[in-house]
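Here is a model to read closely. The turns below ask why each label applies and test it against its cut-off.

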Amino acid sequence: QRKLTLFFVHIAEPVMYKQGYDTLIEERKREKRKREKRKKKKRKEKIEKREKVRRGKMRRNSGNEDKKSIKEASKNSSIFNKRDFSNFSTIFRFECKKILRNRLVTAACLIMLAFYLVIVIFYSSKWTGEEKIIQKAVSGRILDDELLGELKEALYSEDKDSGRLFIEDGTNPYSALSYYVGNIFRKNYADFDSRAFYEIIDEKMDKTMREDELCYEGEIEFWNKQKQNIERPLVWYNADNFEQMRGAFSTYGIMGVLFASLCLSQVYAREYRQIKTGQMVFCTAKGKSTVYFARLLAGCVFCVGYTTVILIVILLISFLLYGTEGLHGAIQLIAPYTPMALDIIGLIRIYVGLILATSLFYAVVALVLSQLLKNSVAVMGVMTGVSLLLYALIPHVPEDNRILSQIIYYQPITVLEDFFYEFRTVCIGGHYFPVYQAASAIYLLIAVLLVLAGHKSYLRFQVK
């Protein structure tokens, strides 16, 4: 009995204790596995329940809800969602900084600003400031027999049969009026009245419209209706100040070509030629359409924005230095033989619209050529060369060939020079559009086509 007791105490008890401990550990592990299985099962049941609820809602709202979900999915997959728009705006700001920090762009902006400041400030007028104040004595008067009689008395008081047409003395209040009337009569007009004056203007208008059969009958009727809207008799103002402004506007045809080609020719070409990052950019997630349109928009905003600044500078300095007298005068005070029923404010608005459309057109051409040619020097050469070549072809293309001569005339250089003396229109559906309307629409249409062509070419670029 003592031996059995010692055996149980020293041998059997530890073995039984170890067996009980192992059994306890295994039971705990089994319970843990069961709890994990139950959790997984509950989690799976919750997910299935949510999926059933979502499917049930979609079935109940299968009409409008399906359309909304499709729209939301399309928005999330398009380039216009919030995240992609943020990426686009970031790239756009970066491209704007690249353009503005270019030293060549800074030099071109300063040169262009200095050019127009010189044109506007140092304009050589026939009369000084004091003489213009004296000539305001007859401003705002109707150009009828009474005013014309006073002019003839001041001009032919000494010798009625003299060949004088102008009063050169600026201190005479009728001097500016004498230049306007004398350039229309082109001969001694001592025996002519205001009726003859307006008849000469109408005859020269009709002669210009019918010269070399440039205008069809429908166009002539269109211009005759426009001519009937001109207020006669004219109200006289000295429009010499606005002649200077018109001269500044007309130079943008060639200055815009030089400015756009200098500033924007490196936007795409620089990535390929100089820093050679075009392949790396094209391999990125946003390196295709997003980068292309961001660069394009940055270049267009810069060109149109700076052109707007130049226009504001021209208008402000002109109004501050030369005044605003005659803004409501007829356009015939500047271009007497045009049938357009406009005042000078309307003429300025047309010029501003044409110049902004031209700047956008030049910007798109420079950017697309930069992407196609991948060489900034080639872009400048092509733009400047083609513009000068088309301008030089104008006197050599016969005007009887209406389509070809009209196409060449519609380049910005010639349109901005004298669009108010161009009577050839564009007819669409029986409606006639004058040159300033047709040219603006044509520039914008060509710009859109060039953008699409450039985008297609940009996507075809192969990474080497």
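Q: Where do lysine 98 and glutamate 95 lie, and how many residues apart are they?
A: This is a predicted model. Both residues lie in helix 3 (residues 82-100). They are 3 residues apart, about one turn of the helix.

Q: What makes the contact between lysine 98 and glutamate 95 a salt bridge?
A: The N to O distance is 3.4 Å. The rule asks for a side-chain nitrogen of Lys or Arg within 4 Å of a carboxyl oxygen of Asp or Glu, so the pair qualifies.

Q: Why is glutamate 95 called buried?
A: Its relative accessibility is 5%. Buried means under 20%, so the label holds for glutamate 95.

Q: Why is lysine 98 called partly exposed?
A: Lysine 98 comes to 23% relative accessibility. Partly exposed runs between the 20% and 50% cut-offs, so lysine 98 belongs there.

Q: Which residues are linked with Lys98 in a network of salt bridges?
A: Glu95 and Arg295 are linked with Lys98 in that network. By the salt-bridge rule, the count comes to 10 salt bridges.

Q: How do you know that arginine 195 and glutamate 199 form a salt bridge?
A: Their closest N and O atoms are 3.4 Å apart. The limit is 4 Å, so the pair counts. Both residues lie in helix 8 (residues 194-210), 4 residues apart, about one turn of the helix.

Q: What makes arginine 195 exposed, and what makes glutamate 199 partly exposed?
A: Arginine 195 has 62% relative accessibility. Exposed means over 50%, so arginine 195 earns the label. Glutamate 199 has a relative accessible area of 39%. That value falls between the two cut-offs, so glutamate 199 is partly exposed.

Q: What makes lysine 227 and aspartate 206 a salt bridge?
A: The N to O distance is 3.0 Å. That is within 4 Å, so the rule is met.

Q: Why is lysine 227 called buried, and why is aspartate 206 called partly exposed?
A: Lysine 227 has 16% relative accessibility. That is under 20%, so lysine 227 is buried. Aspartate 206 has a relative accessible area of 29%. That lies between 20% and 50%, so aspartate 206 is partly exposed.

Q: What makes Isoleucine 312 a fit for the nonpolar surface patch?
A: Isoleucine 312 is partly exposed, with a relative accessible area of 45%. Patch residues need over 30%, so isoleucine 312 passes that test. The patch covers about 740 Å² and also includes Val118 and Phe122. Isoleucine 312 is found in helix 14. Helix 14 gives the most to the patch, with 4 residues.

Q: How many cavities of 30 Å³ or more does the structure hold?
A: There are 2. The largest has a volume of about 40 Å³, and the second largest about 30 Å³.

Q: What classes make up the lining of the largest cavity?
A: The lining divides into 8 nonpolar, no polar and 1 charged. Arg246 is in that lining. Arg counts as charged, so Arg246 is the charged residue.

Q: Which class does the 1 polar residue in the lining of the second largest cavity stand beside?
A: That residue stands beside 8 nonpolar residues, with no charged residues. Thr307 is in the lining. Thr is not on the nonpolar or charged list, so Thr307 counts as polar. Helix 14 gives the most to this lining, with 4 residues.

Definitions and conventions
Residues numbered from 1 in each chain as written. Predicted model: local features only at pLDDT ≥ 70, side-chain atom pairs only at ≥ 80, totals over all residues. Heavy atoms only, no water. Helix = DSSP H or I, 4+ residues; strand = E, 2+ residues; numbered from the N terminus. Buried < 20%, exposed > 50% of the residue type's maximum accessible area, 1.4 Å probe, protein only. Patch = residues over 30% accessible without salt bridge, like charges linked within 9 Å, V, L, I, M, F, W, Y side chains within 5 Å. Areas by Shrake-Rupley, 256 points an atom, 1.4 Å probe, with all protein chains shown as cover. 1 Å grid on protein atoms, 1.4 Å probe; cavity = no way out; pocket = protein on both sides within 12 Å on 5 of 7 lines; lining within 4 Å. Points joined across faces, edges and corners; volume = space filled by probe spheres on them.
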